[in-house]
Amino acid sequence: VADMATVAHIAGVAPATKSGFRPASLRADRRAPVARGRAVAIARCAASNDDADVDESVRTTRGSMNSSRRGILSAAASIATTALSPLAGTAFDYPAPDVVTLQENFWAKATREAHPERWYPYWWALPLAPYGSKATAMAEVVPGQVWTFDQLQGLLDVLVNVRMTVVAMGNGGLWVHNPVAPTQELMDMLAPIVATYGPVKHIVVGSAAIEHKIYSGPFSKKFPAADVWLPRQNWTFPVDVPIDTYVPYYPRGSPKYLPLDSTSGVGAVPWGDEIEHYTLEVGGSSLRNFKDPWFVDTAFYHKKSRTMLVTDVVLHVSQDPVPVATIEPEPLLVRGMDAPDRMLPNTAEARSAGWGKTVLFGLLFNPAAVDVRIDPSKINKSFLDGFYWESKWKDAFRNLTDMDMFVPPILHTLAFPRRRDEVKRWAECVAAWDFERIIPGHLDGPIDATPKQFAAAIDVALNKSSREVFGEDIDTLEQIDKISRDLKSLEEPRPLSDPSPVRYYTPPPPEP
């Protein structure tokens, strides 16, 4: 998952890839139960409505490059990204004449000159593609109560959505969860909401992950009267620097710290009557001296709309790309290719295939269905289309889309096994809420979900091995887990003290 890129560095063997995920044409007859809000002010790409079959994936023998290809990708990623970013675009009809032209067209649109309304001047603080260009997609989840705003971030053509959620408070004003880059486009989208429901009063970050908290300072500059809240266990990797030192843009000084929960009476938040919360802290890594938590996420429950918010703990993947990924579709069409020079038309099926392969890369790092071959003499082109996909990627992706929701593989494999009891206690507190939807920080959102479904997803992560859930695609994360244990950088897994299922809210029976 995008937020967990630093976790993969525990053993020093996984790349710091920021990515996120999902595709479409694979299972239209079994569409996942996801409720999408009405899109507002979203730019639509010019796309063909014709359906086109993606060429059958190329079967290849996975040779000796498999063991080192991720290291090669990581080492050369910044070089390739720098080489691509200044190129000028070329007009063409789809399919594009070649993959480099396709990518050039994308970068030409990702400039201040092309779209000044999308430009974010502080992109250098977290230099992820598409850098300063932050297109935004807005959706109204619950009319008059809850809205979401998605932007993209990633590496090369592997781009995932990162999500901000805005909640209207009962006494006026707005509560913002995990702010994104405050571009002019985003501010224009927010303006009518602010005009109707009042100013932003609270800016709240529920995660310690850098890609969520990095925008809290610049966003607060737009609303200087708002207070900013971060988890108390708020750290950074590889150097542990306070966020208000790294990005010193908080008009009201240093941010405030969230209490661990809103019910114990230890600490208080001004929105506690309307929005409850519980923070999950997971330790067990040398990154934080084993004792302090290295994974932190907070669940919030907006009572009036019956909406639960999280950042990374659970995700859902459906077959269609998130709307923000289709505003400029070139990265999806690059990633959707089955082999070099197999250019795709700009159709729903092609974009779906690109999203599916992005999901597999983002969640599993090194999916079993792909063989990456980098030609040093054509490095720019190879980093775009040097990927040979076997058709079994469709089965791997279908395995993900068939689940109501799931704990991301990296948490399932590396984090939760070290603190099963703590995770279960937190999950039972969260599952006691009577929510009907979950809005995570990435991928699909909102997810139509009940406490029972949430509890079931946590039970799977606590009781089943990641290989049982994700199959052979989990190989890379299992290798990281083994090396980390051998190096003593991760604790040995701990069994559950109580193996009974996670308890969850059950509605009272109707009155006779």
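Start by selecting Asp292, in the loop between strands E9 and E10. Keep in mind as you click around that this is a predicted model. Is Asp292 buried, partly exposed or exposed? Asp292 is partly exposed, with a relative accessible area of 29%. Now add Val282 to the selection: the C-alpha atoms of Asp292 and Val282 are 7.8 Å apart, with their positions 10 residues apart along the chain.

**The sheet next door**

From that loop, step onto the strands themselves. E9 and E10 belong to an open sheet of 5 strands with mixed pairing, and the order to colour is E9-E10-E11-E14-E15. Which strands stand at the edges? Select 275-282 for E9 and 447-448 for E15: each has a single partner strand, so one side of each is left without a neighbour in the sheet.

Inside that order, pick out E11 (residues 307-309) and E14 (residues 437-439), which run parallel and are joined by 3 bridges. To see the register, show Thr307, which stands opposite Arg437 in E14.

Next, bring up helix H12, residues 420-431. H12 lies across E9, E10 (295-302) and E11, and runs at about 170° to E9.

**Ser305, between E10 and E11**

Move to Ser305, in the loop between E10 and E11. With a relative accessibility of 5%, Ser305 counts as buried. What is Ser305 in contact with, once neighbours within four places in sequence are set aside? The list is Val142, Gln145, Val146, Glu436 and Arg437. Arg437 is the residue you just saw opposite Thr307. For a distance check, pair Ser305 with Phe435: they are 130 residues apart along the chain, and their C-alpha atoms are separated by 8.2 Å.

**The loop between E14 and E15**

Two residues here deserve a click. Leu443 sits in the loop between E14 and E15, and has a positive phi, near 60°, in a residue other than glycine. Its side of the story on accessibility is short: Leu443 is buried, at 0% relative accessible area.

Then select Pro446, in the loop between E14 and E15. A cis peptide bond joins Gly445 and Pro446, with omega about 5°.

If you want another cis bond, jump to Ala129 and Pro130, where omega is near 0°. Pro130 is in the loop between helix H2 (99-109) and strand E2 (137-142).

**Two helices, H8 and H10**

Select residues 348-364 for H8 and 393-401 for H10. How do these helices pack? Their axes are 10 Å apart and the angle is about 75°, which makes H8 roughly perpendicular to H10. Put sticks on the contact: from H8 take Ala353, Gly356, Lys357, Val359, Leu360 and Leu363, and from H10 take Trp393, Ala396, Phe397 and Leu400. Colour by class and you should get 8 nonpolar, 1 polar and 1 charged residues in the contact of H8 with H10.

Now go to Phe365, in the loop between H8 and strand E12 (370-372). Phe365 has a positive phi of about 70°, although it is not a glycine. At 3% relative accessibility, Phe365 counts as buried.

**An enclosed strand**

Select E6, residues 200-204. Why call E6 largely enclosed by the rest of the structure? Because 4 of its 5 residues are buried. E5 (residues 174-177) pairs with E6 in the parallel sense over 4 bridges. Show Val176 and you'll find it opposite Ile203 in E6.

**Zoom out**

Finish with the whole protein chain in view. How many helices and strands are there? The protein chain has 15 helices and 15 strands. Of its 512 residues, 60% count as buried. Among contacts with a separation of 6 or more, 74% come from residues 24 or more positions apart.

Last stop: colour by confidence. The protein chain averages a pLDDT of 81, and 77% of the residues score at least 70. Select residues 1-90, where the pLDDT is below 50; this stretch has 276 contacts in the model beyond near neighbours in sequence. Where pLDDT is low, the predicted coordinates should not be read in detail.

Terms used: Residues numbered from 1 in each chain as written. Predicted model: local features only at pLDDT ≥ 70, side-chain atom pairs only at ≥ 80, totals over all residues. Heavy atoms only, no water. Pairing = 2+ DSSP bridges. Contact = heavy atoms within 4.5 Å. Axes fitted to C-alpha atoms, helices over the stretch in contact; angles between N-to-C directions. pLDDT = per-residue confidence, 0-100. Parallel < 35°, antiparallel > 145°, perpendicular 65-115°, else oblique. Nonpolar A, V, L, I, M, F, W, Y, C, P; charged D, E, K, R; others polar. Buried < 20%, exposed > 50% of the residue type's maximum accessible area, 1.4 Å probe, protein only.
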